[in-house]
Amino acid sequence: MVDGLKGGTEADIAPETFDVIGRVLKARSGFTLDGYKDKCVKRRIHIRVRATQSPSPEAYGLLLTESPAEQERLLRVLTIHVSHFFRNPTVFERLAVEILPQLLAERGELNILSVGCAGGEEPYTLALILRERFPQALEEGRISLRAVDVDASTLEQAREGLYHPDRLAEVPPELLSRWFTPHDGRLRLAREIRSLVSFSQADLNQPQEWPRCDLVLCRNVLIYFERERQETVLNGFADALVPGGYLVLGKSETLFGTPRHRFKTFCPVERIYRAIA
């Protein structure tokens with residue numbers, strides 16, 4: 001969930017109204033507001049208050065209760081995703097040149113998890129790197145690449161692999177010509193690459209049992225959660241990672257609390273950490 005939206009000065013949402021909105025969303029899709037930072041959530045709710053021309057948050061809460069269509073629109077706003085291929089290219093360069101070869105050499109196989117994968121840009125970037133650099137390991141079935149997100153409709157779009165050109169600005173030209181084809185003003189990723197990623201739905205507000213992993217990427221997701229939830233999620237990653245496995249966070253995220261003692265810093269600039277045995 002990536003926040004690129006800013007609201008003006010609006011009336012605060014009363015706790016009772018906020019609770020009503022939360023109950024409606026949970027009943028609608030199982031999505032819970034627990035753990036998300038209130039300021040971020042309220043700013044996004046106000047977007048829909050204005051869009052529906054509701055005179056107050058209380059009036060919007062009533063509208064939401066009565067309108068399944070508006071419930072869907074609010075869910076979309078709350079889980080909005082902004083990403084692109086090879087976002088922060090230096091991170092992927094470090095992965096491609098150093099971390100992925102080392103993990104494959106040490107373990108013979110590779111299990112990767114991309115959390116908060118949005119429209120698939122991050123896991124597909126990894127898939128492109130793997131296809132270009134480690135084709136034999138892929139052919140031998142020694143690499144698994146899973147991606148999860150909270151929003152089911154976004155995951156459906158990810159499976160389609162169809163992108164506006166502005167999402168591909170960082171893709172090297174040779175990869176762009178080799179793996180993408182034009183389609184109605186957008187570009188579609190080749191099925192061969194799409195088939196390398198397994199997508200599924202997961203809500204970080206709910207208890208998760210992640211599969212055993214060698215590499216976890218969770219970038220610019222935790223910043224929207226309260227500190228206690230962040231700590232729970234990070235401990236979950238530590239449980240899932242094999243000793244010496246890698247965790248990659250976003251540039252504005254870091255370790256704290258008990259998770260800080262379960263990892264050692266590998267690259268502070270790129271926010272890459274290694275799980276301690």
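In this predicted model, a good place to start is D149, which stands opposite Q201 in β6. That pairing belongs to a set of 4 bridges joining β2 to strand β6 (residues 198-201), and the two strands run parallel. On β2's other pairing, strand β1 (residues 110-115) and β2 also lie in the parallel sense, this time over 6 bridges. If you would like a residue to look for there, find S114, which stands opposite A147 in β2.

How enclosed is strand β2 by the rest of the structure? Of the 7 residues in β2 (residues 143-149), 5 are buried, so the strand is largely enclosed by what surrounds it. Buried here stands for under 20% relative accessible area.

Now let us step back to the sheet that holds these strands. It is an open sheet of 7 strands with mixed pairing, in the order β6-β2-β1-β7-β8-β10-β9. Its edge strands are β6 and β9, each of which pairs on one side only. From one strand to the next, the twist averages 20°. As you follow the sheet, keep in mind that in a regular strand the side chains alternate between the two faces of the sheet.

Further along that order, β7 and β8 run parallel and are joined by 5 bridges. Among the residues to pick out is L217, whose bridge partner in β8 is V248. Helices also pack on this sheet. Helix α8 (residues 152-160) touches β2 and β6, and its direction makes about 170° with that of β6. Helix α11 packs on the sheet too, touching β1, β7, β8 and β9, with its direction at about 140° to that of β8.

Helix α11 deserves a closer look. It covers residues 227-240, which makes 14 residues, and it reaches 20 Å from its first C-alpha to its last, close to the 20 Å expected at 1.5 Å a residue. Which residues of α11 are buried? They are Q230, V233, L234, N235, G236, F237, A238 and A240. As a guide for viewing, an α-helix has 3.6 residues a turn, so residues three or four places apart point the same way. The buried residues of α11 pack against β1, β7 (213-218), β8 (241-249) and β9 (263-267).

Next comes another sheet. Here 3 strands form an open sheet in the order β3-β5-β4, and the pairing is antiparallel. Strands β3 (162-163) and β4 (180-183) stand at the edges with a single partner strand each, so one side of each is left without a neighbour in the sheet. Between β4 and strand β5 (residues 186-189), the antiparallel pairing runs over 4 bridges. To find it on screen, look at P182, whose bridge partner in β5 is L187.

Finally, consider the chain as a whole. The domain assignment gives domain 1 (15-78) and domain 2 (89-275). Taken over C-alpha atoms, the centres of domain 1 and domain 2 are separated by 30 Å. How many residues of each domain are in contact with the other? Domain 1 contributes 11 residues, and these are in contact with 14 residues of domain 2.

The size of an interface is often given as the accessible area lost when the parts come together. Between them, domain 1 and domain 2 bury about 990 Å², with 44% of it on carbon and sulfur atoms. On the domain 1 side, Y36, K37 and R76 lose the most area to domain 2, and together they account for 50% of what that side buries.

Terms used
Residues are numbered from 1 along each chain as its sequence is written. This is a predicted model: local features need pLDDT of at least 70, side-chain atom pairs count only at pLDDT 80 or more; totals for chains, interfaces and linings use all residues. Side-chain values use heavy atoms; hydrogens and water are left out. Buried means under 20% relative accessible area, exposed over 50%, partly exposed in between (1.4 Å probe, protein chains only). Two strands pair if DSSP finds at least two bridges between them. The expected span of a helix is 1.5 Å times one less than its number of residues. Contact means heavy atoms within 4.5 Å. Axes are lines fitted to C-alpha atoms, for helices over the stretch in contact, and angles run from 0 to 180 degrees between N-to-C directions. Domain bounds come from an automatic or database domain assignment. Buried area is the accessible area (1.4 Å probe) that two parts lose on being put together, summed over both.
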